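Me: I am new to this structure and would like to understand how its labels are reached. Could you take me through the reasoning step by step?

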Amino acid sequence: MPLAGLLSGGIDLEKLTFTYLDAEVKYGIFLQSVVDFFIISFSIFMVVKVANRFKQKETVKVEVVETPAPDPEIALLTEIRDLLKANKQGEA
């Protein structure tokens, strides 16, 4: 993880330990793993964020497509409906 070493300033946490009675607890390994996890997860998050930005631009281009003109039969039926509504409103 050379890049992680550059980001953390070359700090090596794996050597951190403390002794309790006769046991030596190496908590530095855990801390180093946590730091590495956050660096890797942030990197993956940024890659996914950039990929989603490109994907959204592609979908915007697809959504601009115009709708096709309605069937002539449907247009005629719509016109007849509108005329009947106008005729009914004129009688009232």
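Reply: Let us begin with a term that will be needed below: a residue is called exposed when its relative accessible area is over 50%, buried when that area is under 20%, and partly exposed in between. Please keep in mind that this is a predicted model.

Me: What makes Arg 81 and Asp 82 a salt bridge?

Reply: The closest N and O atoms of Arg 81 and Asp 82 are 3.3 Å apart, and since the rule asks for a side-chain nitrogen of Lys or Arg within 4 Å of a carboxyl oxygen of Asp or Glu, the pair qualifies as a salt bridge. The structure holds 1 salt bridge.

Me: Why is Arg 81 called partly exposed, and how is Asp 82 classed?

Reply: Arg 81 has a relative accessible area of 44% and Asp 82 has one of 39%; as these values lie between 20% and 50%, the term partly exposed applies to both residues.

Me: How many aromatic pairs are counted, and why is the pair of Phe 18 and Tyr 27 called tilted?

Reply: The count comes to 2 aromatic pairs. In the pair of Phe 18 and Tyr 27, the ring centres are 5.8 Å apart, within the 6.5 Å cut-off, and the planes stand at 45 degrees, which is neither under 30 nor over 60, so the pair is tilted.

Me: What makes the pair of Phe 37 and Phe 38 edge-to-face, and are these residues buried or exposed?

Reply: Their planes are 65 degrees apart, with 5.6 Å from centre to centre; because an angle over 60 degrees counts as edge-to-face, that label follows. Both Phe 37 and Phe 38 are exposed.

Terms used
Residues are numbered from 1 along each chain as its sequence is written. This is a predicted model: local features need pLDDT of at least 70, side-chain atom pairs count only at pLDDT 80 or more; totals for chains, interfaces and linings use all residues. Side-chain values use heavy atoms; hydrogens and water are left out. Buried means under 20% relative accessible area, exposed over 50%, partly exposed in between (1.4 Å probe, protein chains only). Rings of Phe, Tyr and Trp (its six-membered ring) pair if their centres lie within 6.5 Å; planes under 30 degrees apart count as stacked, over 60 as edge-to-face and the rest as tilted.
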